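Please look through the sequence and the model shown here before reading on. The report below follows a few parts of the fold, one after another.

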Amino acid sequence: MADERQNEQEFDDLLADFHIAQAKKAAKQAETAPAKAGPSPEKTNVRPKSVPRYAPADMPRKPDGTSYSIAELRQQQASRHAVQGQRTPYGELPPEKPLPPRQDPRSKNERARRQSAYEAAYRQQNPGQNKPVYKHRRVNKPNGALVLFTLLAILVGGLSIHQIAQNRSEAAETTPSVPVSDPAITEADTSAETEEPAPEELVLWNTTEVSNTRIDEGSLLLVNYQYPYEKADTIAVKDVYGNKNKYYQISSTAISLTEITLNAFNTMTEAFYNETGSDDMIIVSGYRNVQSQRDIYNDRVATQGEEMAAMYVANPGYSEHHTGLAMDLSFYTDEGKQVSIEEYEHGSWINEHCHEYGFVLRYPSDKVDITKISYEFWHYRYVGIPHAQIMSEKRLCLEEYIEYMKEYTTETKLLWIQGNGMMADVSPTALPSEGILVYYVPMTEGETTEIRVPRGNIFHDTEISGNNADGFIVTVHIGS
Ligand SMILES: [Zn+2]
């Protein structure tokens, strides 16, 4: 159905109308009623006129600064969609691409094979011991004694292999024709003949089971016309009002974001203030629940009629604003003037530096054919560090990044972000000792997905984020 796949641009335009209506209402109230006693402006830095006269940035303007009429906006939408070639303004979207097939789980046989290979290797290295550690353990509760024991096992194993190699080279040096009865050689040759993986490879990794219901939890959720966000009404968000710093504004006390997004935004705005001296940045829109979309819909019905509302309001569930990870930004000056990011003196700072704080410009002008959303210079999205940096460096939008990460698995190669910010591919059998590792794990059928994570106490702060589509992206911080 066409109305289930409305372009978010239309939604934002609608939201802009809503903001105008709210602003007018607020202005009227301010004229007729004395100001209510509320939280001190110093504390929260919400300005007395907390609602801008115009909806910032969301609303396109004419070159002379005046607003377009609704009819003109509709005309623009029509030509924009015509240019995109995606659909007529209120027509059908292109046929929906089917979800990528879920990958087969690693077979039980394979798991059993690894398990017995590991146990055999373990027993060989630890005569008399019968306590294999190749078993699912929770990432967040590393067992210090077990880790220490494993490291010892690696050390012992490494020494004995070293010993074998030394025996062998000594033997080769002293006796060119090696007797087959040499016990060291026989042992080495036997183990080389079997196809068991080397013990070193196995002990580098733990496994943890993650519930597949977590596919839509984390900072790397892909929410677009293809992938709705089903937890729109149930996620935990925090009011920005009362949890913000003094370096930016909010257009309404109702604005909220997820805690991680809000914390990162506070950090970013403080840096922005320190570098520019400006505290004019303003969040115009943050988290939206399903009801807020219905409110907007009803508002449109009341002011413009049902037909118009049906044409402009997106079906709840497909907006990135549902995740609490996205926000629309603008600037609001001390003179009470709204200035868009593109027009504001220091506006370009955001796009130049946001990735350092985990944010990306979600709908860039050169990715319209992928995002299916027009260039929105005001819409920013939290994805976290180092993902924002990788996306910025590689010039990938989120749709592309989700695909790009699928090259990196614990079976192939891992993406390594070094402490100096340089990126490199590394082998899962030779892990680095500093930086950040990132890789993808496809979701498997059933209730849980088995996720491999590096073992050892230098690997910490492991974050597992669903992509809201078909798998998980794992981020591991390394360092002692
Ligand atoms: Zn937006």
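## Strands E10 and E12

Strand E10 (residues 414-417) and strand E12 (residues 435-442) run antiparallel and are joined by three bridges. Strands and helices are here DSSP runs, E of at least two residues for a strand and H or I of at least four residues for a helix, numbered from the N terminus, and two strands pair if DSSP finds at least two bridges between them. Within this pairing, tryptophan 416 has leucine 437 of E12 as its bridge partner, while isoleucine 417 stands opposite isoleucine 436 in E12.

The model is a predicted one, in which local features need pLDDT of at least 70 and side-chain atom pairs count only at pLDDT 80 or more, whereas totals for chains, interfaces and linings use all residues. Residues are numbered from 1 along each chain as its sequence is written.

## The sheet around them

Which order do the strands of the open sheet take? Five strands form it in the order E11-E10-E12-E15-E14, and the pairing is antiparallel. The edge strands, each of which pairs on one side only, are E11 (423-426) and E14 (459-466). From one strand to the next the twist averages 25°, where axes are lines fitted to C-alpha atoms, for helices over the stretch in contact, and angles run from 0 to 180 degrees between N-to-C directions.

On one side of E10, four bridges link this strand to E11 in the antiparallel sense, and tryptophan 416 stands opposite alanine 424 there. The hairpin of E10 and E11 has five residues between the strands, and in it glycine 421 takes a positive phi near 90°. E12, for its part, is joined to strand E15 (residues 471-478) by eight bridges, again with the two strands running antiparallel, and leucine 437 has valine 476 as its bridge partner in E15.

## Buried strands and the core

A residue is called buried if 20 or more other C-beta atoms lie within 10 Å of its own, exposed if 12 or fewer do, and partly exposed in between, with C-beta atoms placed from the backbone. E10 is covered on both faces, since Leu414 and Trp416 on one side and Leu415 and Ile417 on the other are all buried. Six of the eight residues of E12 are buried, so this strand is largely enclosed by the rest of the structure.

The largest nonpolar core, meaning a set of buried Ala, Val, Leu, Ile, Met, Phe, Trp, Tyr and Cys residues joined through C-beta atoms within 7 Å, has 70 residues, and those with the most contacts inside it are Ile283, Leu329, Phe359 and Val474. This core draws at least three residues from each of domain 1 (2-93 + 225-395) and domain 3 (209-214 + 404-478), the bounds of which come from an automatic or database domain assignment.

## Tyrosine 380 and helix H13

Is tyrosine 380, which is found in strand E9 (residues 376-382), buried or exposed? Tyrosine 380 counts as buried because 26 C-beta neighbours lie inside 10 Å. Two residues are in contact if their C-beta atoms, placed from the backbone, lie within 7 Å, and, leaving aside neighbours within four places in sequence, the contacts of tyrosine 380 include Ala326, Met327, Cys354 and Phe359. Phenylalanine 359 in turn touches, among others beyond four places away in sequence, Ala264, Met268 and Ala388.

Helix H13 (residues 387-394) has His387, Ala388, Gln389, Ile390 and Met391 as its buried residues, and these pack against strand E8 (359-363), helix H14 (398-404) and E11.

## Less common backbone geometry

Most residues other than glycine have a negative phi, and most peptide bonds are trans. In this model, however, a cis peptide bond with omega about 10° joins isoleucine 385 and proline 386, and proline 386 lies in the loop between E9 and H13.

Arginine 395, in the loop between H13 and H14, has a positive phi near 55°, and this arginine is exposed because 10 other C-beta atoms lie within 10 Å. Aspartate 461 lies in strand E14 and has a positive phi near 50°; with 12 C-beta neighbours inside 10 Å, aspartate 461 also counts as exposed.
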